[in-house]
Amino acid sequence: MMAETKAVASAAAAEEGKSKTVVLVAVDDSDHSYRALEWAVRHVAATAGAPGARAVELVVVHAKPSPSPVVTMGGPGVSGDVVRLVEADLRKKAEGVVDKARRLCVANSVQGVVEVVDGEPRHVLCNAVDKHHADLLVVGSHGYGAIKRALLGSVSDYCAHHAHCSVMIVKQPKSKN
């Protein structure tokens, strides 16, 4: 049995009393997050088709940033029109992310709940884990080095330490040269 399938199976066995296993996936507009979603969809479909397997619920979460941090970089004199334009752009990006996630689920015959939640991704994801009683959180890895991770922070690292469930970090495969 592959390590990835074992992760879903161990999440399924994590709470014997529950009627279903909840797998939560974080998505944004990066290739890394879509790779994580592909992994989750593929393994949820494989686990759901196994004889005697518990039902698996897939929850896809996109954390939409608030326009205020983006706008405040422009200084104190930023108009309400700018805030509305930034909000419209963030909403349009979120719709694109959600649409792509839904198409991937449909293409693999997997039903999933898709949510867009305003806020900082690391907090949105940990809160979503608690809200949905997730057994497994799947996130992509951007593959930042130590310096970039220290400056930007790592959502996957934060979630690995703070989420109240197992966390699968899906990494980019190494290129074959």
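Student: Which residues have the most contacts inside the largest nonpolar core?

Tutor: In soluble globular proteins, nonpolar side chains tend to be buried together. In this predicted model, the largest nonpolar core has 23 residues. Those with the most contacts inside it are Val23, Val25, Leu37, Trp39, Leu58, Val60 and Val138.

Student: Which elements give two or more residues to this core?

Tutor: They are the strands β1 (20-26), β2 (55-64), β4 (136-140) and β5 (166-170), together with the helices α2 and α4 (80-107). Helix α2 supplies the largest share of this core, with seven residues.

Student: What is Leu58 in contact with, leaving aside its neighbours within four places in sequence?

Tutor: Leu58 is in contact with Val23 and Val25, with Ala40, Val41 and Val44, and with Cys105. The list for Leu58 ends with Val110, Gln111, Gly112 and Val113. A second core, separate from the largest one, has 17 residues, including Val22, Ala134, Leu137 and Cys159.

Student: How do the elements run from the N terminus on?

Tutor: The order is α-β-α-β-α-α-β-α-β-α-α-β, with seven helices and five strands in the protein. Among contacts with a separation of 6 or more, 80% join residues 24 or more positions apart.

Student: What share of the protein's residues is buried, and how much area does the protein expose?

Tutor: Of the 177 residues, 38% are buried. The protein exposes about 10400 Å², and carbon and sulfur atoms supply 56% of that area.

Student: Which residues of α5 are buried?

Tutor: An α-helix has 3.6 residues a turn, so residues three or four places apart point the same way. In α5, the buried residues are Arg122, Val124, Leu125, Cys126, Ala128, Val129 and His132.

Student: What distance does α5 reach from its first C-alpha to its last?

Tutor: Helix α5 covers residues 121-132, twelve residues in total, and reaches 16 Å, close to the 16 Å expected at 1.5 Å a residue. Just after α5, His133 takes a positive phi of about 55 degrees.

Student: Is His32 buried or exposed?

Tutor: The cut-off for buried is under 20% relative accessible area. His32 has a relative accessible area of 19%, so His32 is buried. This residue is found in helix α2 (residues 31-48).

Student: Which backbone oxygen does the side chain of His32 reach?

Tutor: The His32 side chain reaches the backbone oxygen of Ser141 at 2.9 Å. Not counting residues up to four places away in sequence, His32 touches Gly140, Ser141, His142 and Gln172.

Methods
Residues are numbered from 1 along each chain as its sequence is written. This is a predicted model: local features need pLDDT of at least 70, side-chain atom pairs count only at pLDDT 80 or more; totals for chains, interfaces and linings use all residues. Side-chain values use heavy atoms; hydrogens and water are left out. Helices (H or I, at least four residues) and strands (E, at least two) are DSSP runs, numbered from the N terminus. The expected span of a helix is 1.5 Å times one less than its number of residues. Buried means under 20% relative accessible area, exposed over 50%, partly exposed in between (1.4 Å probe, protein chains only). A polar contact is a pair of N or O atoms within 3.5 Å; within protein, one must be able to donate a hydrogen and the other to accept it, and residues adjacent in sequence count only if both atoms are side-chain atoms. Contact means heavy atoms within 4.5 Å. Accessible areas come from the Shrake-Rupley method with a 1.4 Å probe; for residues, only the protein chains shown count as cover. A nonpolar core is a set of buried Ala, Val, Leu, Ile, Met, Phe, Trp, Tyr and Cys residues joined through side-chain atoms within 4.5 Å.
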